[in-house]
Amino acid sequence: MKIIKLHNEKSLIKKASENNREAQKQLFEQFSPKMMGVCRQYVKDLHHAEDLMLQGFLKVFTNLQKFKHEGSFEGWIRRIMVNTCISYLRKKNLVDVSDEDFVFNDAATESLENTTVEDIQKLIDKLPEGYKMVFNLFAIEGYKHSEIAEKLGVSESTSKSQLFKARKLLQQNYYKMNTIIHENK
């Protein structure tokens, strides 16, 4: 069955690259829910995230002939979505990736067992844009610090520092969220 699926995906990609609107629609319907999630990880506002996803798909369909069938098609689309979001945030000057030192308290965190995906996304959304971008690129997209540094135009040490600070801030905010929940019970 996987062979058939791969064959169908290749055929669908070929048709879509020839501007077959039905094939493009099928690809969009297949991948848009996941790609909306990718854009949402970088952009808090749902409407902006949706606009960026649509811009990303425009890039996908415009550059479809460049996909060489090396690696997964979904991964190729995902990379376009991430780059689209980063470009948007940079243009809007919403990304501040700096080497400033911040002091964090070591707050102990509880288990994530009773935490929903929505709660985790809210915690990530509270991060400053620079922290959020580095955290997403490293923890969710799987980029290395050298790749993040190149993509964002910063040093590797800045990338590592931003990730450290993002994790600490996530821990603090998670601790605060759980404290509030337990106080309200």
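A disulfide is taken here as a pair of cysteine sulfur atoms within 2.5 Å. In this predicted model, that rule gives a count of zero disulfides. It is worth seeing how the two cysteines C39 and C85 fare under the rule. The cysteine sulfur closest to that of C39 belongs to C85, at 3.8 Å, and this is too far for a bond because the cut-off is 2.5 Å. Seen from the other side, the sulfur of C85 has that of C39 as its closest cysteine sulfur, again at 3.8 Å and too far for a bond. Both side chains are hidden from solvent by the accessibility criterion: C39 is buried, with a relative accessibility of 0%, and C85 is likewise buried at 0%.

The setting for this pair is a helical protein. The model holds eight helices and zero strands, and the order along the sequence is accordingly α-α-α-α-α-α-α-α. Of the 185 residues, 41% are buried. Among contacts with a sequence separation of 6 or more, 71% join residues that lie 24 or more positions apart. The accessible surface of the protein amounts to about 11500 Å², and carbon and sulfur atoms contribute 53% of that area.

Turning to the interior, the largest nonpolar core comprises 47 residues, and the members that touch the most other members are L27, Y42, F57, L64, F73, I77 and L137. At least two core residues come from each of α1 (2-17), α2 (21-42), α3 (46-62), α4 (73-91), α5 (117-125), α6 (129-140), α7 (145-152) and α8 (156-183). The helix giving the most to this core is α4, with 10 residues.

L137 offers a helpful close-up of this packing. When neighbours within four places in sequence are set aside, L137 is in contact with Y42, V82, I86, G142, Y143, I148, K151 and L152. One of these partners, Y42, is also listed with L137 among the core members that touch the most others.

The loops bring two backbone details to notice. N19, placed in the loop between α1 and α2, has a positive phi of about 65 degrees although it is not a glycine. H69 is found in the loop between α3 and α4, and this residue, also not a glycine, has a positive phi of about 60 degrees. The relative accessible area of H69 is 36%, so the residue counts as partly exposed.

Definitions and conventions:
Residues numbered from 1 in each chain as written. Predicted model: local features only at pLDDT ≥ 70, side-chain atom pairs only at ≥ 80, totals over all residues. Heavy atoms only, no water. Buried < 20%, exposed > 50% of the residue type's maximum accessible area, 1.4 Å probe, protein only. Core = buried A, V, L, I, M, F, W, Y, C linked by side-chain atoms within 4.5 Å. Helix = DSSP H or I, 4+ residues; strand = E, 2+ residues; numbered from the N terminus. Contact = heavy atoms within 4.5 Å. Areas by Shrake-Rupley, 256 points an atom, 1.4 Å probe, with all protein chains shown as cover.
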